[in-house]
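Colleague: Please take me through the terms used for this model, and set each value against the criterion behind it.

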Amino acid sequence: MELPGGAGRLIARVLETAGGLYRVHLGDGVLECSLRGRVKRAGEGPVVVGDRVRLEKLPDGSHCITEVLPRESLLARRSLARRSQQVIAANVDQVAAVASAAQPEPDLRMLDGLLAVAELNGLAAFVVLNKVDLVPEAEELPGMEAYRRAGYTILPTSASERTGLGALWGRLRSKVSVFSGPSGVGKSSLLNALMPGLRLRVGDVRERSGKGRHTTVGGLLIPLQGGGYLADTPGIQHFEPGAVDPRELSSAFREFGPHLTSCRFADCRHREEPGCEVRHAVDAGSIDARRFESYHEMLERAEDVARTDRGGA
Ligand code: GDP
Ligand code: ZN
C-alpha cells in the first residue's frame, strides 16, 4: 500500500498516546508507532494528542515518529508555580463547551471556565446545549442569554431525539474541536449520534480504547468522516482558573473586551476601583452580573495562586 506523502515523508496526526506508544491517523488508517530516540521538534515537551508528526517506516514494517511538525495552536493548562504549561492538545481549532438543559441542570460556572480556557488559549468556542428534549424552550433557560450576548453561538441539541445534529456537524466538519463539559451532559451520546459506527459506551467516555483507564489520560482524538477531528480531553474539564495570571483573566471574558481600555487604571481588576468601565457596564446591564461574579471568583483563585507562587510555596 502506498501511503500518502510517499516513502519517508509520511505525515500523520496523533490520536492517542499511551506509555511510549502513539496511535496516529494516516490517510484513512490508524497505525500504532513508537518514538525515535532523537525526534526533531519545533516546540517543547512531549508529543501530544493533535500533533502532526512525520513517520518513518522501519525495515520490520512498523513505523516510528521522527519529527513533530510546528504547532499552530496549543491547548494548555498553565502553571504559574512551575512557570510551565501542561499541553493538553495541539493544533486545536475550537472548543465545543457542552452543557445539558436538564439532568444535570446547566452548570454555568463550569461553562464560564471552559469558555475562559478557550479565550486564554486563543481558540474559538461555542456552546452546545444538549437534552433540549427535556425542557420546553431550553434556549430561554436562565443564564443562557448571557452567552449569546457575549457573542457565543448556542447550538441546541438532543442526542436522544437526534435534533440539532446537522448544525453541530456543520460546525465540527474539517476542524479540530475539543468536546468538553461535565460528565452526564451527553457527550458520548452526541458522538454516537453523530458517528453511529463509533459505538461509544454511553456513561463512560473514557474506557472505549479497551486498554484500561491509564491509556487515555492525555485525551483522545477521533477522526471525523469527511475530515476534522474531535478531541475528548479530560484536562480541560478540570480547568483550574487559579493557574492564570490575574492580570490576564479579564481577557477570558469576551464581553469585557470593549470596556477594558476605558477603565481609569491600566491595571484595573474590575472590583471597587474608581472609573471601572467594566463595572459600569454591569450596572448598566450590558454585561451579565452573574458572569461578572464568575470573573471575581476566578480572580480570587488566580490571586491566591499568584501569592503562593511569590511565597515560593
Ligand atoms: P457524558 O458523560 O457527557 O458522555 O454523557 P452520556 O452520553 O454518557 O449521557 C449521560 C446520560 O444522559 C445517559 O443516560 C444518556 O442516555 C442521557 N442523554 C444523553 N443525551 C441525551 C439527550 O439529548 N436527551 C436525553 N433526554 N437524555 C440524554
Ligand atoms: Zn475596570
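The exchange below concerns a predicted model and the grounds for the terms applied to it.

Modeller: In this predicted model, the protein has eight helices and 13 strands. Buried residues make up 50% of its 313 residues. Among contacts between residues at least 6 apart in sequence, 64% join residues at least 24 apart.

Colleague: Why is Glu16 called buried?

Modeller: The criterion for buried is a relative accessible area under 20%. Glu16 has 2%, so the term applies to Glu16. This residue is placed in strand 1, residues 10–18.

Colleague: What makes the pair of Glu16 and Arg23 side chains a polar contact?

Modeller: Such a contact requires N or O atoms within 3.5 Å, one able to donate a hydrogen and the other to accept it. The side chains of Glu16 and Arg23 make their polar contact at 2.5 Å, so the distance satisfies the cut-off.

Colleague: Arg13 is also in strand 1. Is Arg13 buried or exposed?

Modeller: Arg13 has 14% relative accessibility. The limit for buried is under 20%, and exposed begins over 50%; Arg13 therefore counts as buried.

Colleague: What surrounds Arg13?

Modeller: Leaving aside residues up to four places away in sequence, Arg13 touches several residues, among them Arg23, Val24, His25, Asn91, Val176, Leu221 and Tyr229. Gly50, Asp51 and Arg52 are also touched by Arg13. The Arg13 side chain reaches the backbone oxygen of Gly50 at 3.2 Å, a distance that falls within the 3.5 Å allowed for a polar contact.

Colleague: How do you know that strand 1 and strand 4 are paired?

Modeller: Pairing needs at least two bridges. Strand 1 and strand 4 (residues 52–57) are joined by four bridges and run antiparallel, so the requirement is met. Within strand 4, Arg52 stands opposite Arg13. Arg13 and Arg54 are 41 residues apart in sequence, with 8.8 Å between their C-alpha atoms.

Colleague: What other pairings involve strand 5?

Modeller: Strand 4 and strand 5 pair over five bridges in the antiparallel sense, with Arg54 opposite Glu67 of strand 5. Their hairpin has five residues between the strands, and Gly61 takes a positive phi near 95 degrees there. Strand 3 (residues 29–41) pairs with strand 5 (residues 63–68) in the parallel sense, over five bridges; Arg41 has Val68 of strand 5 as its bridge partner.

Colleague: What is the strand order of the barrel?

Modeller: Five strands close in the order 1-2-3-5-4, with mixed pairing. Neighbouring strands of this sheet are turned by 55 degrees against each other on average, direction ignored.

Colleague: What is the order of the open sheet, and which strands stand at its edges?

Modeller: Six strands form the open sheet in the order 10-9-8-11-13-12, and the pairing is mixed. Strand 10 (154–156) and strand 12 (220–223) stand at the edges because each has a single partner strand, so one side of each lacks a neighbour in the sheet. The average turn between neighbouring strands of this sheet is 25 degrees, direction ignored. Strand 12 pairs with strand 13 (residues 229–232) in the antiparallel sense over four bridges, and Leu220 has Asp232 in strand 13 as its bridge partner. Helix 3 (residues 165–172) lies across several strands, including strand 8 (94–100) and strand 11 (176–180), and runs at about 160 degrees to strand 9 (124–130).

Colleague: Why is helix 4 described as largely enclosed?

Modeller: Helix 4 comprises residues 187–194, and seven of its eight residues are buried, so the rest of the structure largely encloses this helix. The buried residues include Lys187 and Asn192 as well as Leu190, Leu191 and Leu194.

Colleague: What makes the site of the zinc ion (ligand 2) tetrahedral?

Modeller: Its protein donors are Cys263 (SG), Cys268 (SG), His270 (ND1) and Cys276 (SG), at 2.1 to 2.4 Å; the donor cut-off for this metal is 2.8 Å. The angles among the four donor atoms are 103 to 117 degrees. Four donors count as tetrahedral if all angles lie between 85 and 135 degrees, so the site qualifies. The ideal angle for four tetrahedral donors is 109.5 degrees. Along the chain, the donors follow the spacing C-x4-C-x1-H-x5-C.

Colleague: Are Cys263 and Cys268 buried or exposed?

Modeller: Cys263 has 8% relative accessibility and Cys268 has 9%. With the limit set at under 20%, Cys263 counts as buried, and so does Cys268.

Technical notes:
Residues numbered from 1 in each chain as written. Chains lettered and ligands numbered in written order. Predicted model: local features only at pLDDT ≥ 70, side-chain atom pairs only at ≥ 80, totals over all residues. Heavy atoms only, no water. Helix = DSSP H or I, 4+ residues; strand = E, 2+ residues; numbered from the N terminus. Buried < 20%, exposed > 50% of the residue type's maximum accessible area, 1.4 Å probe, protein only. Axes fitted to C-alpha atoms, helices over the stretch in contact; angles between N-to-C directions. Contact = heavy atoms within 4.5 Å. Donors = N, O, S within 2.8 Å, 3.2 Å for Na, K, Ca; no water. Tetrahedral: all angles 85-135°; square planar, octahedral: opposite > 155°, others 65-115°.
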